[in-house]
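Colleague: Before we rely on any label attached to this model, I would like to go through the terms one by one and set each against its criterion. Could you show me the chain and then take my questions in turn?

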Amino acid sequence: MWVGRLVLALSVWATGDLAAQLPSGGARHSHGIWLEDKQFSQPEIAIAVSDTIVFANDDRVMHNIFSSTDGARFNLLRQASGSKKAAVFATTGTVLVRCAFHPSMRLTVIVQ
Ligand SMILES: [Cu+2]
């Protein structure tokens, strides 16, 4: 768990650092999605390019959020109950986000 916490801390730090470096007027936004009852808190979300989505695991079970959409691949790896992990969406398009452990979990991210 120590390694997981370190990665989490680094990702939060990196997100904060990135936001701090952005000029005013070009603000990137952070959006919250909750993982609860083995579902995403909403089925679809529209964001701007370079925005961040923070995934908060409010379930009692582990999740593993990832996307295999071309041009937007990422894998947040194992995410323990009560923890948060963030992903930045750097290119426009429609991205399907899923959970490796729960195939019924699907989140469509529209990056504009
Ligand atoms: Cu899951």
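Colleague: Which residue of β9 is the bridge partner of Val 95?

Modeller: In β9 the bridge partner of Val 95 is Val 109. This is a predicted model, in which local features need pLDDT of at least 70 and side-chain atom pairs count only at pLDDT 80 or more, while totals for chains, interfaces and linings use all residues. Residues are numbered from 1 along each chain as its sequence is written.

Colleague: What makes β8 and β9 a pair of strands?

Modeller: Strands are DSSP runs of E with at least two residues, helices are runs of H or I with at least four, and both are numbered from the N terminus. Two strands pair if DSSP finds at least two bridges between them. For β8 and β9 there are 6 bridges, in the antiparallel sense, so the criterion of at least two is met.

Colleague: How do you know that β5 pairs with strands on two sides, and what is the order of the sheet?

Modeller: The open sheet has 5 strands in the order β3-β9-β8-β5-β6, with mixed pairing. The edge strands, β3 (44-47) and β6, each pair on one side only, and the twist averages 15° from one strand to the next, where axes are lines fitted to C-alpha atoms and angles run from 0 to 180 degrees between N-to-C directions. Strand β5 (residues 63-67) joins strand β6 (residues 74-79) through 4 antiparallel bridges, with Ser 67 opposite Phe 74. Towards β8 (residues 93-99), β5 has 2 bridges, again antiparallel, and there Ile 65 stands opposite Cys 99.

Colleague: Why is Cys 99 called buried?

Modeller: A residue is buried if 20 or more other C-beta atoms, placed from the backbone, lie within 10 Å of its own, exposed if 12 or fewer, and partly exposed in between. Cys 99 has 22 such atoms, and therefore counts as buried. Leaving out residues up to four places away in sequence, Cys 99 touches His 63, Asn 64, Ile 65 and Met 105, a contact being two C-beta atoms, placed from the backbone, within 7 Å. The C-alpha atoms of Cys 99 and His 63 are separated by 6.3 Å, although these residues are 36 apart along the chain.

Colleague: Which residues have the most contacts inside the largest nonpolar core, and what makes it a core?

Modeller: A nonpolar core is a set of buried Ala, Val, Leu, Ile, Met, Phe, Trp, Tyr and Cys residues joined through C-beta atoms within 7 Å. The largest has 14 residues, and those with the most contacts inside it are Ile 53, Phe 55, Ile 65, Phe 89, Val 95, Val 97 and Val 109. At least two residues come from each of β4 (52-57), β8 and β9 (106-111). Beyond its neighbours within four places in sequence, Val 97 is in contact with Ile 65, Ser 67, Leu 107 and Val 109.

Colleague: Why is Leu 77 called partly exposed?

Modeller: Leu 77 has 14 C-beta neighbours inside 10 Å, a count between the limits for exposed and buried, and so it is partly exposed. Leu 77 lies in strand β6, and its phi is near 60°, a positive value in a residue other than glycine. Most residues other than glycine have a negative phi.

Colleague: What makes Lys 38 partly exposed?

Modeller: Lys 38 has 13 other C-beta atoms within 10 Å, which again falls between the two limits, so the label is partly exposed. Lys 38 sits in the loop between β1 (30-36) and β2 (39-40), with a positive phi of about 55° although it is not a glycine.
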